[in-house]
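Work through the exercises below with the sequence and the model open. Each task is followed by a solution in steps.

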Amino acid sequence: MQVQEASGSEHWNRVKKRLRAELGDDVFSSWFARVDLEEHAEGTVRLSVPTRFLKQWIQSHYNERLMGLWKGECDNVHKIELTVRGAVRPRQVSAPVKAGIPAPQRPKIASVEPRLDGFSDNSNSVAAAQAATAALGRGESVSEVGRDILQGAALDPKYTFETFVEGESNGLALAAARQVASGGAVTFNPLYLHASVGLGKTHLMQAVAAKVRASGRKVLYLTAEHFMYRFVSALKAQSALAFKETLRTIDLLLIDDMQFLHGKQVQQEFCHTLNALIDGARQVIVAADRAPSELDTLDDRVRSRLSGGLVVGIHEPDFSLRRNILSARVGLAQRSYPNFEVPDSVLDFVARHVVSSGRDLEGALNRLVAHNQLTNQPITQEMAELTLRDLIRSSEPRRVKIEDIQRVVSKHYNVTKADLLSARRTRTIVRPRQIAMYLAKVMTPRSLPEIGRRFGNRDHTTVLHAVRKIEEMARADNALAQELELLKRMLDA
Ligand SMILES: Nc1ncnc2c1ncn2[C@@H]1O[C@H](COP(=O)(O)OP(=O)(O)OP(=O)(O)O)[C@@H](O)[C@H]1O
């Protein structure tokens, strides 16, 4: 992606400055503080936001103003595109119409993203609560919410321990989840599960929630955004106290997508709830797309409280787990389509090539079912290759994570990860840090501001400077160019 970053970011800074002046600090921070410029090229400005709600809100309230301000900067701008950063969930394979296997779906409620820093009973907060209510889009009124605090997000009946396939990469997480669900003494509290997209966090959490609920205990399963929404709504309905008290009577609280818990006051409230539940020997389970130490938007106290229980990562599935997930899915499909057969060689082929997540495997299998049922053609290797072509091709490049880059670079240059993230300016640290930021830019889809945040909260201009510097040096220095290639190969392996 060729990005006109220098001029783009200058324009963007000026656009933001004007917006801030027009809207005032509060409103600006509510909606624009976490909007990042991804790209400005060929008349299109691409901005990214962390949630779907924010995207909708900006599109419906500020699109014209944004366009006007951008046009004031460069008159060739004709399009503003907003994408959701948090939704870097991999491609979802379209579900077969008749296959009867539900599409890989997230049984979570609509995203809600008011910024709640410094929240008090003022118009900005009320606007946020109204926005939150509107975003829910289900006709739920604040008072209904107040009445039914305990009603969390719906559980998907598919997500049980019986349908969860165990492997090396998820064995520890599964064991911990089972232990928590067994209802014995509270041992791991909070249990914190982390993994990148589609690796089964939600599945496991809901399996625990369903089991504990079936035993008659009080369970609340919420996404972090849902938690924010409930809290804002309760404040607005002046039922915050009841909300807090009700939360503290829960036996098991599960918070999914923790990376989206934003806002100082919400985090404080969450921290109080966490402390109260843990101190009262009630179980808390949290899931996020990264480890607590990587959740840089979180308040230090929340982060340390979250790290204080058991933190377990779920890693990418190996071949044997992928193969077993596929076999289990075939078994499920056969309940609806008894004549559905997939030769072992085709399952091997899919497991070898669709490598990223359970969600992709599920999508791949849905496609085979659809083809088979709609065309009455048996499933063969050729048919699978054709049907899954794009999925296989797009899953080929390995997704490199910033933490992998930090790990490999710090090992290669014999510095610590803390050095890379620190403010230290010694040459032996500055160069590896710049190389790591450069690799993060060229090997991951992360934006410059996000990379900056992941490298000790640096400004995006620092990242841009690092990228340029390394590019320039590599052009002049063949040894460095080769070293970069070596690092890339290590990361791609
Ligand atoms: N080990 C597994 N056994 C069976 N199914 C699995 C397994 N891992 C993932 N899946 C399936 O893959 C799909 C995606 O899983 P899930 O929604 O739990 O992922 P996630 O880690 O919560 O991802 P996200 O961060 O996108 O929410 C689900 O349909 C789930 O059932």
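## Exercise 1: The chain as a whole

Buried residues account for 41% of the 493 residues in the protein chain. The model is a predicted one.

Task: State how many helices and strands the protein chain has, and what share of its contacts between residues at least 6 apart in sequence join residues at least 24 apart.

Solution.
1. The protein chain contains 22 helices and eight strands.
2. Of the contacts between residues at least 6 apart in sequence, 78% join residues at least 24 apart.

## Exercise 2: The three-stranded sheet

Task: Give the strand order of the open sheet of three strands, and identify which strands stand at its edges.

Solution.
1. The order is β1-β2-β3, and the pairing is mixed.
2. The edge positions belong to β1 (36-41) and β3 (79-84); each has a single partner strand, so one side of each has no neighbour in the sheet.
3. From one strand to the next, the twist averages 20 degrees.
4. Strand β2 (residues 44-49) pairs with β3 in the parallel sense, over six bridges.
5. Within this part of the sheet, Arg46 stands opposite Glu81 in β3.

## Exercise 3: The five-stranded sheet

Task: Work out the order of the open sheet of five strands, then find which strands are at the edges.

Solution.
1. The strands are arranged as β5-β6-β7-β4-β8, with parallel pairing.
2. β5 (219-223) and β8 (310-313) each have a single partner strand, so one side of each is left without a neighbour in the sheet and these two stand at the edges.
3. The twist averages 15 degrees from one strand to the next.
4. Starting from the β5 side, five bridges join β5 to β6 in parallel, with Tyr221 standing opposite Leu254 in β6.
5. The parallel pairing of β6 and β7 runs over four bridges; here Leu252 has Gln283 in β7 as its bridge partner.
6. β7 (residues 283-288) also pairs with β4 (residues 191-194), again in the parallel sense and over four bridges. Leu191 stands opposite Ile285 in β7.

## Exercise 4: Cover on the sheet

Task: Is strand β6 mostly covered or mostly open, and which helix lies across β4, β7 and β8?

Solution.
1. β6 (residues 252-256) is mostly covered, with five of its five residues buried.
2. Sorting these residues by face puts Leu252, Leu254 and Asp256 on one side and Leu253 and Ile255 on the other; all are buried, and both faces of β6 are covered.
3. Helix α6 (residues 171-181) lies across β4, β7 and β8. Its direction is at about 140 degrees to β8.

## Exercise 5: The ligand shell

Task: Describe the residues that surround the ligand, and explain where the ligand lies with respect to domain 2 and domain 3.

Solution.
1. The ligand is surrounded by 19 residues, and the closest are Gly200, Lys201, Thr202, His203 and Gly358.
2. By class, the shell has seven nonpolar, seven polar and five charged residues.
3. In terms of secondary structure, α7 (201-214) and α14 (358-375) each supply at least two residues of the shell.
4. Both domain 2 (123-313) and domain 3 (319-395) contribute residues to the shell, so the ligand lies between them.

Terms used: Residues are numbered from 1 along each chain as its sequence is written. This is a predicted model: local features need pLDDT of at least 70, side-chain atom pairs count only at pLDDT 80 or more; totals for chains, interfaces and linings use all residues. A residue is near a molecule or strand if its C-beta atom, placed from the backbone, lies within 6 Å of it. Ala, Val, Leu, Ile, Met, Phe, Trp, Tyr, Cys and Pro count as nonpolar, Asp, Glu, Lys and Arg as charged, and the others, Gly among them, as polar. Domain bounds come from an automatic or database domain assignment. Two strands pair if DSSP finds at least two bridges between them. Axes are lines fitted to C-alpha atoms, for helices over the stretch in contact, and angles run from 0 to 180 degrees between N-to-C directions. Two residues are in contact if their C-beta atoms, placed from the backbone, lie within 7 Å. A residue is buried if 20 or more other C-beta atoms lie within 10 Å of its own, exposed if 12 or fewer, and partly exposed in between; C-beta atoms are placed from the backbone.
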